[in-house]
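Colleague: I am new to this structure and should be grateful for a close look at a single part, the surroundings of the ligand. Please set that part within the chain as a whole.

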Amino acid sequence: MRKPLVAGNWKMNGTRESARTLLDGIKAGAMAVNGADLAVCVPYVFLQQVQEALDGSPIAWGGQDLSKEPKGAFTGDISAAMLLEFGCRFVIVGHSERRTLHGESDTEVAEKTAAALEAGLTPIVCVGETLEEREQDVTNDVVGRQLDAVLARVGSAGLGRCVVAYEPVWAIGTGRTATPEQAQEVHAFIRARVAAEDAEVAGALKILYGGSMKPDNAAELCAKPDIDGGLIGGASLVAEDFLAIGRAA
Ligand code: PEP
């Protein structure tokens, strides 16, 4: 019912040359990925190159952040309209690296989600707890709070036009993955929380897992009933690995 999505998050990696090689590799293998949609979220400076490379291919693309403002004196920021101009379909919002390294609050993440939706982009809204929070057994409180901020701003109808990514902070870039059971538990919690607002939206909502997803653990994670694909960091920088995750999802 929910087609899985495997979205790469290149973060701040790559050169024009390495991006070309990676895009060529992904394009060459994309047709063999039948069961999942593919997307790459790239640094802004590569968007034109990515658009030229992927236009007409089955692979979508997007940015890794956006401004909540439409335009103006916001040095260094990028608007939703700018992303749209480069053919973006997706934009990552509230990645833990933005929340922790740039101090983005739940409210700001909700505002960015609204700005993306208003422009017609699909936000990939990231939520997830730190290791300390998991150890304190407050995972659901944290994830629930992050989700509620977005729900309060865009409503369940708005959330229905988003993708949610559950990314336990302790599993991002650490090689440490949540077990399929740990991930499923939080995914089910997220879906139930949305269902309390709107069962139909909850049933259709794609919830991706992110945190050291690799070719050798993707199938097991994605076999869980509430895991609808992945947001992939490190492994999205190697075409074969990214495609293997796509085939496994
Ligand atoms: C991410 O940054 O969204 C991520 C999941 O990274 P990694 O796959 O490298 O853990």
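Modeller: In this predicted model, 47% of the 249 residues of the protein chain count as buried. The chain contains eleven helices and eight strands. For 249 residues, a compact globule would have a radius of gyration near 18 Å, and the value of 17 Å found for the protein chain agrees with this. Along its principal axes, the C-alpha trace spans about 45 × 45 × 35 Å. Among contacts with a separation of 6 or more, 72% join residues 24 or more positions apart.

The interior provides the setting. The largest nonpolar core comprises 81 residues, and Ala-7, Ile-124, Val-164, Tyr-166 and Ile-245 have the most contacts inside it. Helix H7, residues 139–159, supplies the largest share of this core, namely seven residues. Ile-245, one of the residues with the most contacts inside the core, is in contact with Val-6, Met-213, Pro-215, Ala-218, Gly-230, Ile-232 and Ala-235, its neighbours within four places in sequence being left aside.

I turn now to the ligand. The shell around the ligand has 13 residues, of which Gly-173, Gly-210, Ser-212, Gly-233 and Gly-234 come nearest. By type, the shell divides into seven polar residues, five nonpolar and one charged. An unreviewed UniProt entry lists Asn-9, Trp-10, Lys-11, Gly-173, Ser-212, Gly-233 and Gly-234 under "binding site". These listed residues span 226 residues in sequence, yet no two of their C-alpha atoms are more than 13.8 Å apart, so they gather at one spot.

Two of the listed residues, Gly-173 and Ser-212, merit individual description. Gly-173 lies in the loop between strand E6 (163–166) and helix H8 (180–195). Gly-173 counts as partly exposed because it has 13 C-beta neighbours inside 10 Å, whereas 20 or more would make a residue buried. Apart from neighbours within four places in sequence, Gly-173 is in contact with Gly-233 and Gly-234, both of which also appear in the UniProt list.

Ser-212 occupies another loop, the one between strand E7 (207–210) and helix H10 (215–222). With 20 other C-beta atoms within 10 Å, Ser-212 is buried. When neighbours within four places in sequence are again left aside, the contacts of Ser-212 are Ala-171, Thr-174, Gly-175, Arg-176 and Thr-177. Of the two residues described, then, Gly-173 is partly exposed and Ser-212 is buried, and both are among those that come nearest to the ligand.

Definitions and conventions: Residues are numbered from 1 along each chain as its sequence is written. This is a predicted model: local features need pLDDT of at least 70, side-chain atom pairs count only at pLDDT 80 or more; totals for chains, interfaces and linings use all residues. A residue is near a molecule or strand if its C-beta atom, placed from the backbone, lies within 6 Å of it. Ala, Val, Leu, Ile, Met, Phe, Trp, Tyr, Cys and Pro count as nonpolar, Asp, Glu, Lys and Arg as charged, and the others, Gly among them, as polar. UniProt positions are given in the numbering used here, feature names are shortened, and annotations may be inferred rather than shown by experiment. Helices (H or I, at least four residues) and strands (E, at least two) are DSSP runs, numbered from the N terminus. A residue is buried if 20 or more other C-beta atoms lie within 10 Å of its own, exposed if 12 or fewer, and partly exposed in between; C-beta atoms are placed from the backbone. Two residues are in contact if their C-beta atoms, placed from the backbone, lie within 7 Å. A nonpolar core is a set of buried Ala, Val, Leu, Ile, Met, Phe, Trp, Tyr and Cys residues joined through C-beta atoms within 7 Å. The radius of gyration is taken over C-alpha atoms; the globule rule is 2.2 Å times the number of residues to the power 0.38.
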